[in-house]
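Student: Could you take me through the cysteines of this one, and whatever sits around them? I'd like one close look rather than a tour.

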Amino acid sequence: MNTSNKASKDIRAMQNGDKNRRTLIQIVVAVVLIALVAAIALFIVNRNTTSGEASPTMGAGMSSGDQLTPTSLTDSGAIRFGNPDAATVISVVEDFQCPACKNFESISGSTLQQLADAGNVAVDYRPISILDRFSNGTMYSTRAASASICVAENDRDSWMDWHNAMFAEQPAENGTGLTDDKLVEIATSAGADSPATASCITDGSYTDWVTSQTQSVIGEGINGTPSVRVNGTDVSNPTPENILAAAAAAGN
């Protein structure tokens with residue numbers, strides 16, 4: 001075999017090998033660059049949608065233009081019962097997914113109603129949503145709190161009956177929560193049967209407002225539910241006796 005021919009073949013083989021290696025390197029580099037660009041894009045998207053503040057919760061098909069601000073609540077975003085000008089205000093913060101809130105209402109709810117009916121106390125209900133994580137992505141806490149505003153705005157006289165029915169129908173934690181249709185059904189059964197309430201619930205009209213209200217409440221140092229305060233002072237164990245004692249200490 002001719003030695004020069006063999007050498008030429010060896011050289012060509014080496015050149016082809018180098019070319020293949022260069023091609024492979026270029027492919028690898030391209031893949032890495034594509035992955036890097038994708039990772040950067042994902043980071044930017046996540047940064048814009050996730051922050052230390054609660055992000056707006058939108059219902060299916062909703063846009064921010066559909067969100068409303070309630071007009072019938074107090075300046076602190078409360079649904080008020082009793083004397084609107086009372087010197088003593090009992091503030092109750094609740095989450096409709098909260099089992100402890102359901103228990104609280106079964107024990108102390110009638111006491112709150114009696115105080116409100118007496119005419120010298122105001123009882124403020126402030127629904128918030130801190131337990132969405134227990135409804136498997138259906139955002140039940142937010143939807144239920146939004147529904148509470150829908151009822152307050154459109155069927156105010158039925159709100160308390162609706163509120164009590166909602167706790168009676170409270171879904172188990174770590175389930176899927178109640179559907180919007182079920183929320184409408186509960187509202188209708190409680191007397192909050194106006195078409196405006198039904199469409200408000202299914203549209204999720206106050207979900208953005210609920211998110212903002214929840215952040216405001218947390219900013220006041222309230223991190224759990226139920227939370228009961230009398231004229232801004234916490235009632236650490238809000239039994240009927242303790243609520244009455246706190247109201248009496250406040251002058252009622």
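Tutor: Let's start with Cys101: in this predicted model, its relative accessibility is 0%, so Cys101 counts as buried, the cut-off being under 20%. Cys98 comes out at a relative accessible area of 4%, and because buried means under 20%, Cys98 is buried too.

Now for the sulfur pairing. Searching the whole structure turns up one disulfide, and the partners are Cys150 and Cys200, with 2.0 Å between their sulfur atoms. In sequence terms this pair ties together distant parts of the chain: the two cysteines are 50 residues apart, Cys150 sitting in helix α3 (residues 140–154) and Cys200 in helix α6 (residues 195–203). If you care about the torsion, you'll find -75° about the S-S bond, which makes the link between Cys150 and Cys200 left-handed. Both ends are tucked away as well: Cys150 is buried, and Cys200 is buried.

Each end of that bridge belongs to a helix, and each helix has something to show. Take α6, the one holding Cys200. Its axis and that of helix α5 (residues 180–189) come within 9 Å, crossing at roughly 155°. Angles over 145 degrees count as roughly antiparallel, so that is the label for α5 and α6. The crossing of these two helices is right-handed. On the α5 side, the contact is made by Asp180, Leu183, Val184 and Ala187, while α6 brings Thr197, Ala198, Ile201 and Thr202. Sort the residues of this α5–α6 contact by type and you get five nonpolar, two polar and one charged.

Over at the other end, α3 carries Cys150, and Ser141 lies in that helix too. With a relative accessibility of 0%, Ser141 is under the 20% cut-off and therefore counts as buried. What does Ser141 touch, leaving aside its neighbours within four places in sequence? The contacts are Asp95, Gln97, Ile128, Ser129, Leu131 and Asp132. Phe96 is worth a look here as well: its C-alpha atom is 6.1 Å from that of Ser141, although the two residues are 45 residues apart along the chain.

So, to pull the bridge together because that was your request: the sulfur atoms of Cys150 and Cys200 are 2.0 Å apart, inside the 2.5 Å cut-off for a disulfide, and the link runs from α3 to α6.

Methods. Residues are numbered from 1 along each chain as its sequence is written. This is a predicted model: local features need pLDDT of at least 70, side-chain atom pairs count only at pLDDT 80 or more; totals for chains, interfaces and linings use all residues. Side-chain values use heavy atoms; hydrogens and water are left out. Helices (H or I, at least four residues) and strands (E, at least two) are DSSP runs, numbered from the N terminus. Buried means under 20% relative accessible area, exposed over 50%, partly exposed in between (1.4 Å probe, protein chains only). Axes are lines fitted to C-alpha atoms, for helices over the stretch in contact, and angles run from 0 to 180 degrees between N-to-C directions. Angles under 35 degrees count as roughly parallel, over 145 as roughly antiparallel, 65 to 115 as roughly perpendicular and the rest as oblique. A crossing is left-handed if the near helix is turned anticlockwise from the far one by less than a right angle, and right-handed if clockwise. Contact means heavy atoms within 4.5 Å. Ala, Val, Leu, Ile, Met, Phe, Trp, Tyr, Cys and Pro count as nonpolar, Asp, Glu, Lys and Arg as charged, and the others, Gly among them, as polar.
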